[in-house]
Structure formats: structure tokens, C-alpha cells
Amino acid sequence: MPLLLLRMPNGSTREIPIGRGLVIGRSASCGVRLDDDRVSRRHASVFREGDEYFLKDLRSLNGTRLNGQPVTFAHLSFGDEIGIGRARVFFADRAPSELVGTTLAGYRIGEQIGSGGMGIVYRARQMSLDRTVALKVLHPRHVADRQFIERFLREARAAGALDHPNLVHVHDAGQADSVWFYVMEYVDGPTAADVLERRGPFTAPDVVQVATHVGGALGYIHGEGIVHRDVKPENIMLASDGTAKLADLGLARPVAAPATDVEQGEDGRPRVWGTPAYMAPEVALGQEADPRSDLYSLGATLFHMLTGRVPFAGETSAEILTQHVTAPLPDLQTVAPTAPPAFAPIIERLMAKRREHRYQSAEALLADLSLVSRALASASRGV
């Protein structure tokens, strides 16, 4: 039965059956109640007509979004993301809990441990090796996209050949029982995005450590001729021993790949690969990504970790991408007065609008991070 999946702040997902329809809003009488000052009392409705489902904005004050775009009325497809206020709501053909306790291609699926626009992640047990893994199941909207599936499998398998202590290793990828999935190393800790949501900005020493670990991972994959293309807090896993690991090479591709990062989707409209809040200007403009594009995204990620906010925000993806291309970078010391001044020139260089003005390699970044690390250590000892 179709249902809505409401992503909760703690990373869990609330499952809400739609039935013939329901209203989303701030009022206690709504089928989905959101305690959010950006949400109107009766904000939007999801309803069924025949075998199809639709989304309708109920003249809300701040509008309703479907897959990042403002809408007043739209047809829903499985996997669509509905944006209402700060909430993330997904339209699904079945509850994630339906997979819990089942076995998929030799993996016994346990509890859900994360979710996002591309899929849902479960803790699972690989029966053949008796080991814990993370299994990511794709949303149905991607299952219908053969171009996406083909590149996903090709690149996931290529990622399985990579080996670095700061990369989340990909073990397997495939399809079983009409479900597309890939299997990753299980990391016993939260993502950087989880920490930002629950505790706010990171301490300066922690930012240096994460930047050093992720920078090392980027240096490795760049040396292997691969660009990640989606560096962001959600893709940085923090293990219990303090190790940061870069995850999700599902968008990675060889540096010399001929296709651009803005491709034509099946609807004929441009499709941008990556996450707007952390996307390099050249990628936003439809140019080819290279290692320096990953370094820009790392800079945007470090800015978020230091300040608790993304460098550029907006109501739509287009608005955010335009700012990456044209708007000056907010002053780090103004946004986060307690951040060590040594970070400012590093962030500014990472996020230079023109890629030739950025660090030209991860190794050059790591050299500057080493200087900041030593300076922070000296300051903590009172030297």
C-alpha cells in the first residue's frame, strides 16, 4: 500500500499510510502534523484518484516543493520527495519496515539506520561470511531509470576495487526480487550530517581531523583517476575510533569520462548530478567535474562543519546553484567568530570560483591542514 515516509530529525523514519488521502500541516487535525513555523495550518494534501496519487498545495504561505521544485498540483511517482517547511517526506510503494527481517541476495536485513533522497540504508548480516554490513536499497524512482541503474552498477563495482582506510569500501551491488541495492562496509558511528543536526558545529580539532582523513581519501581516488562528485556531510561517516570515512561513490566517475555532469533526463530537462548545497560552480554550469571540484565540495562541507550552516542557501536548487556561481563566499569569521582564523584562507582557497585558483591537489591541502593542526596543538598546550 502506498504511504508517506517522514524523515525524523534523529534519522529514523515515520511511516504514514495514505489511504484515499490525507492533509499535511501544523493543525492537530491533519493526518500528518508538522510542528514547524514554516508550515501552514493546512499546508498540502496527498490524495488518490483511481490508481494514481497526487500532491496539491493548499494555498500555503511558504509553498510546497516536489523534488526541490515549487508546485501547486502534481502527479506523484514512487520515490518522490515532498518538501514542506523543514520536513523531508517521501512517497513510497511500501514501508521500509517490510524489508526488515527478510533475506535479500544472501543478506539478512536488520533495522533501518539511515535514509535519503536516493535510498534507504539498513544494517544487515552477510550470511556467507557472517559479518555486519550496510545495505542501501534504491528508491523506486531510480529503478525506472535505466541510465541511472547502469551507471550505478558500473561505478559501484569499480568502487569495490578501491582500498583506502578513509574510504567506505563497497562489497557488492546488484538486483534481487525487483530491488536494486549495494552493500558497503558497516561503520559504527554517525555521519557528519547527523552530528551537525544533533550537536551543531564541530570543534576546530575535529574539523582538521575530518578534513585530513577525507582529503587523504580524495587524494587516493584522484590518483586512481576518479572524481567523487558528491562530497558532503551526509557522505562522511565517523567511526567510533575517530576515523572519518568518505562514503557513497555512487556518483563517482573517471576523470576522463566524456559525459558532462549535467545530463538530459528522460523528461528532456537537464539533470544535475550532485548536491546543490556543496556543488562547485563549474558543475552547476554544466561543465565537467575534476578533482578540484571535489575539493570545492569539501570546502563547502568544512564551512558547514565550522559554522553550522551551508555557505549558500535558497528556496530552490537553481537559486542555490546561482549563488555558488556568482555570490561572494560569506566571511567565515563573521559567521563563526570562534573559528580559528587559520581556517579562513583554507576555506577561501578551496571554494574559489575559478578552479585554477583552488588547491590543485588534495596533497597541497593536506600540507596546509598539517600546519593548522600543529598550531592548534601548540595553542592547547599554551605554547
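Buried, here, means under 20% relative accessible area. A92 has 5% relative accessibility, so this residue counts as buried. Keep in mind that this is a predicted model.

Let me stay with A92 for a moment. This alanine sits in strand β11. Which residues does A92 touch, leaving aside those up to four places away in sequence? They are P2, L3, L5 and F78. M1 belongs in this picture too. A92 and M1 are 91 residues apart along the chain, yet their C-alpha atoms are separated by 8.6 Å.

Now the aromatic rings. A pair of rings is described by two things: the distance of the centres and the angle of the planes. The count here is five aromatic pairs. Take Y53 and F91. Their ring centres are 5.4 Å apart and the planes stand at 50°, so this pair is tilted. Y53 belongs to strand β6, residues 52-57, and F91 to strand β11, residues 87-92, so the pair ties together parts that are 38 residues apart in sequence. Are these two buried or exposed? Both Y53 and F91 are buried.

Next pair: F54 and F73. Here the centres are 5.5 Å apart and the planes are at 15°, so the pair is stacked. This one also links distant parts of the chain. F54 is in strand β6, F73 is in strand β9, residues 73-75, and those positions lie 19 residues apart in numbering. The two partners differ in burial. F54 has a relative accessible area of 11%, so F54 is buried. F73 has 48%, so F73 is partly exposed. Add F47, and F47, F54 and F73 form one aromatic cluster.

One more ring, with a charge this time. The charged end of R349 sits over the ring of Y359, at 4.1 Å from the ring centre.

On to the sheet. Strands β6 and β9 are part of an open sheet of five strands. The order is β4-β3-β5-β6-β9, and the pairing is mixed. What stands at the edges? β4, residues 32-33, and β9 do; each has a single partner strand, so one side of each is left without a neighbour in the sheet.

Look at β3, residues 21-25. On one side, two bridges join β3 to β4, and these strands run parallel. G25 has R33 in β4 as its bridge partner. Then there is β5, residues 44-49: four bridges join it to β3, and this pair runs antiparallel. I24 stands opposite A44 in β5. How enclosed is β3? Four of its five residues are buried, so β3 is largely enclosed by the rest of the structure.

Last topic: the nonpolar cores. The largest has 73 residues. Those with the most contacts inside it are F202, L218, I236, L238, L302, F343 and L365. Helix α4, residues 204-223, gives the largest share of this core, with nine residues. Take I236 as an example. Not counting residues up to four places away in sequence, I236 touches P190, T191, A192, V210, V214, A244, K245, L246 and T301.

Apart from that core lies another, of 22 residues. L4, L22, I82 and V89 are among them.

To close, back to where we began. A92 is in strand β11, and F91, the partner of Y53 in the tilted pair, is in that strand as well.

Methods
Residues numbered from 1 in each chain as written. Predicted model: local features only at pLDDT ≥ 70, side-chain atom pairs only at ≥ 80, totals over all residues. Heavy atoms only, no water. Phe/Tyr/Trp six-rings, centres within 6.5 Å; stacked < 30°, edge-to-face > 60°. Buried < 20%, exposed > 50% of the residue type's maximum accessible area, 1.4 Å probe, protein only. Lys NZ or Arg CZ within 6 Å of the ring centre and 35° of its normal. Pairing = 2+ DSSP bridges. Core = buried A, V, L, I, M, F, W, Y, C linked by side-chain atoms within 4.5 Å. Contact = heavy atoms within 4.5 Å.
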